Structures are given as structure tokens and as C-alpha cells.
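Biologist: Got a minute to walk me through this model? I'd like the helix packing, then a pocket, then any odd backbone spots.

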Amino acid sequence: MNRQEVVTHIIGDRNISPRDKGVAFAPSNIALCKYWGKRDEELNLPVTSSLSISLKNYGAQTELQLSDEDRVVLNGKRVSPDDSFTQRAIRFLDLFRLDEQMRFTLTTQSNIPIAAGVASSAAGFAALVLALNDLFQWDLASKELSILARLGSGSACRSIYSGFVQWHAGCAKDGMDSYAEPLESVWSGLQVGLLTLSDRPKSIGSRAAMKRTVQTSVFYDIWTAKVKDDCAQLQNAIHQKDFERFGTLSESNALAMHATMLTACPPVLYWIPQTLETIHRIWALREQGVDVYFTMDAGPNIKLLYLKETEQTIVSSFQGVQRIAPFTPTDNTVNIEDVENLP
Ligand code: 2P0
């Protein structure tokens, strides 16, 4: 199956009657057990399962309307049709047009601290799928929405949900068993701290980097075995609220992912000197008895994991840390002041 066939299979013969506009919010997410490598590039099918935490009210608020031409508006500004973001969004929308004339205006407000290396495509594609569901009144189940979001960007399938989320790798060729589901656990004291160490564009995108890793890293098979183990153990640690275990596993998983990149050919290294300096600072704090761990994605920035009771130490030890409380009750909308205050 290709992407179009998956979409047709899911939408089926639903009574399609677009309303004036579709609106939706989706949170960004950070993987604790990472997705790094695909078994199918067209359908974004992963080699392994992964586990993430959604960032509450940090994400993308999207509005989708039928219009006379395709337009993409991001944080109040029209994005050029040549821009890679616009092209990716329009290619995705191509999968859902009812006829050749159908055009869309896609308006997205994002309050994700993009400079901190939090993937914006995950929240963006998840919000777009939810907005399509609203526009066309498909009334799809979360599992189907998750599969559609995956076709836009792999990690977007996790951004359909809040809280802890597991993406099942699946094994079917058409990917119908590769979707995300929320875990029931709530961990109200858990905090995520975003540390922006560099806002420079990365030398290689994650899509190309993961492909190179799968093809050339001699560690890749070891990585897939480790992920299986880490995902299972992380679920236990979350269930038992064992923070030391949770932090140790998340940190180890992120470091192992970077080890597969280092052993790719040519190697991929996202770290900068400040990355290493910060890791040493985190480890020194732990030596002093402060419960703080980290995770990292395809970039040089660091995401701290800590509990509410440690917050004061975190704030005084890491200047400029952006604090996110994934389980604190808030209303699930984008705070426009945050959008305006983005760097
Ligand atoms: C993750 N990352 O699990 C991992 C960890 C980056 C490091 O998912 O090609 O934007 O659209 O499926 O989802 C980033 O990759 O890649 C990612 P595509 P995606 O969050």
C-alpha cells in the first residue's frame, strides 16, 4: 500500500461533507524511548516501538479552510510556496482532496520553543489530521487518526494524545498495526526542562540521519534489542513512579541512540561543546544527590527530566531553562503570548 491507498482505506465511504472550517490543537511530544529508523520510508513505519511524553499545552493550534488556492500561514505570516514546510504540508493535503479543484488555507499557531529542538512537525501534522477530521466530519477513532498523522511524520502519531504515549511498531506491511496509544499512568510531579544550547540549523535532518544510521551503523541491531527492553522497563518505572529508574532508562536510551549515529558512516554528531558541558553538570548534580536526568533528540539541545520538588535547584543551576509540567491541569489551548515571545 502507498500513502494514498492507506488514506482511502481509512476514510472509506464516510459521508464526506466539509463544513466551513476545521480546528484542532495537538501537543508536541518528547520521546523517552526513541524512534530512530524506519522499515518503510513512504509510510513512516518504524523498526521499533517508542514511548513519549506529550508537552501539555505546548504544540500547534491549526485551522483548515477550503479556499481558492493552497496557502500556509504560520504564526501570522504566509509561508512561501517554495518553503520546505509548505511543500511537505501541501503534499500531505494532496492525499485528502475530494477533487482536483479543492484547495486549502492552513493556518497554524505554534507555541513550541522551536529553538530548543522540540520537533514541530509532530504537533503540526497531528493538529493537521485532527483539523481535517473536524473539517470533513469523519469522526475517526484515535487509532485511525494516529495512523494518518504518522503518514505526515512518524512521531506525529504520538502527538494525537496527551500524557505518556506508546507507539506500537507493528509488523504489517500496510502499517495498520503501527499506531500510538496513551498509557493510563499520570505522574503529576514530573517536569520537563528545555535547555536551548544552540538555535542554529542542524547539519543533517533527522530523516536523512536515521536512514544513514539504519544502513551503516554496526550498532543498529543492538539498538533495536535495547529499545525493546527499554520500552518495557520504562513502562514499569512509570507505573511504579520509580523516578531514578525512569530517569536512568530515558538517559541511557538517548545516549544509545546517539551512539548509533556516531557509528554511522559517515558519522552523525549533533553535539556541541555546550552539550557535553551540560551533561557533565547534570552528572555532577546527581553526584550531589539532586535527582535530575536528561534526554536528547536529533540536535544539540538537552531536555531535563526532574520532579517538582527539585524545581528550585534546577532553575538556579540551569539559566534560561523553560519549564513544562506535562500533567498539570491547564486548558488545552495555545497561549498566544507564548507564541509572541518566541525567540
Ligand atoms: C523521536 N525523533 O522518537 C525521535 C528521536 C528524533 C530523535 O521522531 O521522518 O520528524 O517525519 O518520520 O518523526 C524525529 O523524526 O521523522 C524523531 P519522520 P520525525 O522523537
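Biologist: Which hand is the crossing of α3 and α4?

Modeller: Right-handed. Keep in mind that this is a predicted model.

Biologist: Noted. At what angle do α3 and α4 pack, and how far apart are their axes?

Modeller: The angle is about 130°, and the axes are 8 Å apart. Helix α3 covers residues 120-136, and helix α4 covers residues 142-152. Angles over 145 degrees count as roughly antiparallel and those from 65 to 115 as roughly perpendicular, so this pair falls in the oblique class.

Biologist: Which residues make the contact?

Modeller: From α3, they are F125, A126, V129, L130 and N133. From α4, they are L145, L148, A149 and G152.

Biologist: How does that contact divide into nonpolar, polar and charged?

Modeller: Seven of its residues are nonpolar and two are polar. None is charged.

Biologist: Now α1. How do its axis and that of α4 cross?

Modeller: At roughly 165°, and the axes come within 11 Å. Helix α1 is residues 3-11. That angle makes α1 roughly antiparallel to α4. The crossing of α1 and α4 is left-handed.

Biologist: Which residues meet there?

Modeller: In α1, look at R3, V6, V7, I10 and I11. In α4, look at E144, I147, L148, L151 and G152. The contact of α1 with α4 has seven nonpolar residues, one polar and two charged.

Biologist: Let's move down the chain. What about the axes of α6 and α7?

Modeller: They come within 9 Å and cross at roughly 160°. Helix α6 is residues 220-240, and α7 is 243-262. The two helices are therefore roughly antiparallel to each other. Their crossing is left-handed.

Biologist: Which residues of α6 meet which of α7?

Modeller: The α6 side has W223, K226, V227, D230, Q233, L234, A237 and I238. The α7 side has R245, F246, L249, S250, S252, N253, A256, M257 and T260.

Biologist: And the split by class for α6 with α7?

Modeller: Nine nonpolar, five polar and three charged.

Biologist: Switching to pockets. What volume has the second largest one?

Modeller: About 210 Å³. Its lining has 13 residues. Those nearest the centre are K38, E41, E42, N44 and R207.

Biologist: Which elements give two or more residues to that lining?

Modeller: α2, α4 and α5. Helix α2 is 84-93, and α5 is 206-216. The largest share, three residues, comes from α2.

Biologist: How does the lining of that pocket break down by class?

Modeller: Eight charged residues, three nonpolar and two polar.

Biologist: Last topic, backbone oddities. Where is the cis peptide bond?

Modeller: Between C265 and P266, with omega about -5°. P266 is in the loop between α7 and α8. Helix α8 is 273-287.

Biologist: And what is the phi of K56?

Modeller: Near 50°. That is a positive value in a residue other than glycine. K56 is in strand β4, residues 50-67.

Biologist: Why flag those two kinds of feature?

Modeller: Because most residues other than glycine have a negative phi, and most peptide bonds are trans.

Biologist: Good. So which two spots go in my notebook?

Modeller: The cis bond joining C265 and P266, and the positive phi of K56.

Methods. Residues are numbered from 1 along each chain as its sequence is written. This is a predicted model: local features need pLDDT of at least 70, side-chain atom pairs count only at pLDDT 80 or more; totals for chains, interfaces and linings use all residues. Side-chain values use heavy atoms; hydrogens and water are left out. Axes are lines fitted to C-alpha atoms, for helices over the stretch in contact, and angles run from 0 to 180 degrees between N-to-C directions. Helices (H or I, at least four residues) and strands (E, at least two) are DSSP runs, numbered from the N terminus. Angles under 35 degrees count as roughly parallel, over 145 as roughly antiparallel, 65 to 115 as roughly perpendicular and the rest as oblique. A crossing is left-handed if the near helix is turned anticlockwise from the far one by less than a right angle, and right-handed if clockwise. Contact means heavy atoms within 4.5 Å. Ala, Val, Leu, Ile, Met, Phe, Trp, Tyr, Cys and Pro count as nonpolar, Asp, Glu, Lys and Arg as charged, and the others, Gly among them, as polar. On a 1 Å grid over the protein atoms alone, a cavity is a set of points where a 1.4 Å probe fits but cannot get out, and a pocket is an open set with protein on both sides within 12 Å along at least five of seven lines; lining residues have an atom within 4 Å of a point. Grid points are joined across faces, edges and corners, and a volume is the space filled by probe spheres set on the points.
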